[in-house]
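Colleague: Could you walk me through this one at the bench level? I'd like to ask a few questions as we look.

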Amino acid sequence: MTEKSKTHVILLSCGSFNPITKGHIHMFEKARDYLHKTGRYIVIGGIISPVHESYGKPGLVPSRHRLNMCQLAVQSSDWIRVDPWECYQDTWQTTCSVLEHHRDLMKRVTGCILSNVNTPSTTPVIGQPQNQTPPIYQNHNNMNHKPTAVKLWGKVSESLGKICCVRPHIERFTFVDENANLGTAVRYEEIELRILLLCGSDLLESFCIPGLWKDSDMEVIVGDFGIVVVPRDAADTERIMNHSSVLRKYKDNIVVVKDDLHHPMSIVSSTKSRLALQHGDGHVVDYLSQPVIDYILQSQLYINASG
């Protein structure tokens, strides 16, 4: 498959990130590498969306701290960004609504409809302004002129930047105004773009808990968007999927990353990180990046069992 014919993917991860760990970042990197190895996908970007603080999880620190820690954790990444939209809402948002927000936002940014798993788009997905300016990326013989995942994500991020405004109290973050008129800022080659939910096997297993998820939301998440699962603790994802009628129904829409299941990062968790911080355990450096540790200490977070 040519680069243009492959499905371009944005990985979206929702969660508490309380705090964000090296394991979270490893999950993004591992998923991207695996999707690229299939030869069917190109991952052009990753989005971290921390949950609203009204989620009610015990020990959940305020959104501003989790957003700042996430930003510190990805400051050296050229393809993962932190999105504050979920935290800025008036109340907690479902995972389904977060996915739909980003799908609709990308539609506004690009001017086209993003494809779903079951209904691939036949229209250009990355912007198509109706003017006579030549495309940013053209098919030249020189390979240096061809689009790459990093270039493409950079252009999309640049488009998002055209409609960003700074919100108070979290000065380092920008907020996309979903009502803004994007006009025809950029133009790209025609590609297929999808947003996939990136998660660990623990979230996948939660789909099997009766009453925890609405069936309608699961249908949208798995049926329309699709999931990329990075197993934790060598979890049996096949067994998990067989316990849910929705997961069985849309099994083909679930990509399980099977490489290196016993990597040390697969057992890293926010819970272990908080416990290490509370007990002064030196292993915390194995769980969290140094900038995140420095921020936690400076802000005096997680110093007791209540967070």
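**Salt bridges, a helix and a pocket**

Modeller: Let's start with Lys251, which at 32% relative accessibility counts as partly exposed, a class between buried (under 20% relative accessible area) and exposed (over 50%), using a 1.4 Å probe and protein chains only. This is a predicted model, where local features need pLDDT of at least 70, side-chain atom pairs count only at pLDDT 80 or more, and totals for chains, interfaces and linings use all residues. Residues are numbered from 1 along each chain as its sequence is written, and side-chain values use heavy atoms, leaving out hydrogens and water.

Colleague: Which side chain meets Lys251 in a salt bridge?

Modeller: A salt bridge here is a side-chain nitrogen of Lys or Arg within 4 Å of a carboxyl oxygen of Asp or Glu. For Lys251 the N to O distance is 2.3 Å, and the partner is Glu238.

Colleague: How many residues apart are the two in sequence?

Modeller: Glu238 sits in helix α8, while Lys251 is in the loop between α9 (245–249) and β8 (254–256). Helices (H or I, at least four residues) and strands (E, at least two) are DSSP runs, numbered from the N terminus. The pair links distant parts of the chain, 13 residues apart.

Colleague: Are Arg81 and Asp83, which also meet in a salt bridge, buried or exposed?

Modeller: Their N to O distance is 3.1 Å. Arg81 has a relative accessible area of 18%, and Asp83 has 3% relative accessibility. By those values, Arg81 is buried and Asp83 is buried.

Colleague: What parts does the pair of Asp202 and Arg232 tie together?

Modeller: The closest N and O atoms of this salt bridge are 3.0 Å apart. The pair ties together parts 30 residues apart in sequence, because Asp202 lies in helix α6 (residues 201–206) and Arg232 in the loop between β7 (227–230) and α8 (237–242).

Colleague: Which element gives the most to the lining of the largest pocket?

Modeller: On a 1 Å grid over the protein atoms alone, a pocket is an open set of points with protein on both sides within 12 Å along at least five of seven lines, and lining residues have an atom within 4 Å of a point. Of the 40 lining residues, those closest to the centre are Cys14, Gly15, Ser16, Asp202 and Leu203. With five residues, the element that gives the most is α1.

Colleague: What phi does Gly226 take, just after α7?

Modeller: Helix α7 covers residues 215–225, and its buried residues include Ile221 and Phe225. Just after α7, Gly226 takes a positive phi of about 105°.

Note on methods
1 Å grid on protein atoms, 1.4 Å probe; cavity = no way out; pocket = protein on both sides within 12 Å on 5 of 7 lines; lining within 4 Å.
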